[in-house]
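Please examine the sequence and the structure shown below. The paragraphs that follow lead through selected features of the fold and its side-chain contacts.

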Amino acid sequence: MILSDDELTRYARHIVLKEFGGSGQARLKAATVAVVGAGGIGSPAIQYLGAAGVGRLILIDNDRVEPSNLQRQTIFTTADTGVAKVDAAAAAVQRINPHVAIETHRVRIDATNVASLLAGADVVLDGCDNFATRFCVADAAHAAKIPLVSAAVGQFEGQLATYRGWEADKPCYRCFVGEDPERAETSCAEDGVLGPVTGVIGSLAALEVLRAIAPFGDDPAGKLLLIDLLALRFRSIRLPKDPGCRACGTPTLR
């Protein structure tokens, strides 16, 4: 991938990093990232991925912008109220960086469309708000051997992990969550969430997408980052591979 003069100037702060450099930026330009959910996590992630120079973004979300989104989903403005989130987000990215190609899908992911929606992606970022969609996305990414960056947020907390469960020593999403999570699903409308919490988690998710495309630093796969912003505490725990996992475990142990 050849970078134009404008791109060389735009991405100069990336290119000067010895751990990233021009080769890393060229990888970003050549990459396709699918973002599932343009809400609290997707909003900052999409902004940073677009600004960073990811060549192609696939944005997937079936919601419209509501006034209650505006306290945390900073990619949107008051004027976007009622507009499909993927359309408003695409317009925002084009204002940030005209070098990014954007594909939008205003649909809800399910078993019938997930494979086609994620086709061609080099990395999937899942920031959706329900387990049914998360399982669907995780299974499809695993089947296609696409690295999955999965992020979740609530109130003052968040979690983040990268999954490559097809590798012998790495867990998949189901190794972590199991088949049927033993907790009731709640929403931001019910529990609330402090706006900048979504910004922290979404920005970290974007960081891990960039790391998955153009590796730098330590490999995060196989670890779960837990963030408690009431206590301003970050901790990382190891996620073991489940030998009996139906998605990635040893066949004789399933």
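Does Arg174 count as buried or exposed? The model is a predicted one, and in it Arg174 has a relative accessibility of 8% and therefore counts as buried, the cut-off being under 20%. The side chain of Arg174 meets that of Asp139 in a salt bridge, with 2.7 Å from N to O. This pair connects distant parts of the chain, since Arg174 belongs to helix 8 (residues 173-177) and Asp139 to helix 7 (residues 131-143), 35 residues apart. Asp139, at 26% relative accessibility, counts as partly exposed. Arg246 also takes part here: Asp139, Arg174 and Arg246 are linked in a network of salt bridges.

Side chains of opposite charge can pair when their charged atoms come close. The structure holds 12 salt bridges, and two further examples may be set beside the one just described. Asp126 forms a salt bridge with Arg134, and the closest N and O atoms of this pair are 4.0 Å apart. Asp126 is buried, at 1% relative accessibility, and Arg134 is buried as well, with a relative accessible area of 7%. Asp6 and Arg10 meet through their side chains in another salt bridge, at 3.7 Å from N to O. Both residues lie in helix 1 (residues 5-10), where they are 4 residues apart, about one turn of the helix. Asp6 counts as partly exposed, at 39% relative accessibility, and Arg10 is partly exposed with a relative accessible area of 34%.

The description now turns to the strands. Strand 1 (residues 32-36) and strand 2 run parallel and are joined by 5 bridges. Within this pairing, Ala34 stands opposite Ile58 in strand 2. Between the two strands the chain passes through helix 4 (residues 42-52), and the resulting β-α-β crossover is right-handed. On strand 3 (residues 101-105), strand 2 has a further parallel partner, again with 5 bridges between them. Here Arg56 has Ala101 of strand 3 as its bridge partner. Helix 5 (residues 85-96) completes a right-handed β-α-β unit with strand 2 and strand 3. Strand 2 itself, residues 56-60, is mostly covered, with 4 of its 5 residues buried.

How many of the residues of helix 4 are buried? Of its 11 residues, 8 are buried, and the helix is thus mostly covered. The buried residues are Gly42, Ser43, Pro44, Ala45, Ile46, Leu49, Gly50 and Ala52. After helix 4 comes Gly53, which has a positive phi, near 100°. Helix 4 also serves as a packing partner of helix 3 (residues 21-30), whose buried residues pack against helix 2 (12-15), helix 4 and helix 10. In helix 3, the buried residues include Gly21, Gly24, Gln25, Ala26 and Leu28.

A last feature lies on the surface. Phe156, Leu194 and Leu230 form a nonpolar patch there, with about 290 Å² of accessible area together. Leu194 is found in the loop between helix 9 (188-191) and helix 10 (195-213). With a relative accessible area of 44%, Leu194 is partly exposed.

Methods
Residues numbered from 1 in each chain as written. Predicted model: local features only at pLDDT ≥ 70, side-chain atom pairs only at ≥ 80, totals over all residues. Heavy atoms only, no water. Buried < 20%, exposed > 50% of the residue type's maximum accessible area, 1.4 Å probe, protein only. Pairing = 2+ DSSP bridges. Right-handed = clockwise from strand over helix to strand, strands pointing away. Patch = residues over 30% accessible without salt bridge, like charges linked within 9 Å, V, L, I, M, F, W, Y side chains within 5 Å. Areas by Shrake-Rupley, 256 points an atom, 1.4 Å probe, with all protein chains shown as cover. Contact = heavy atoms within 4.5 Å.
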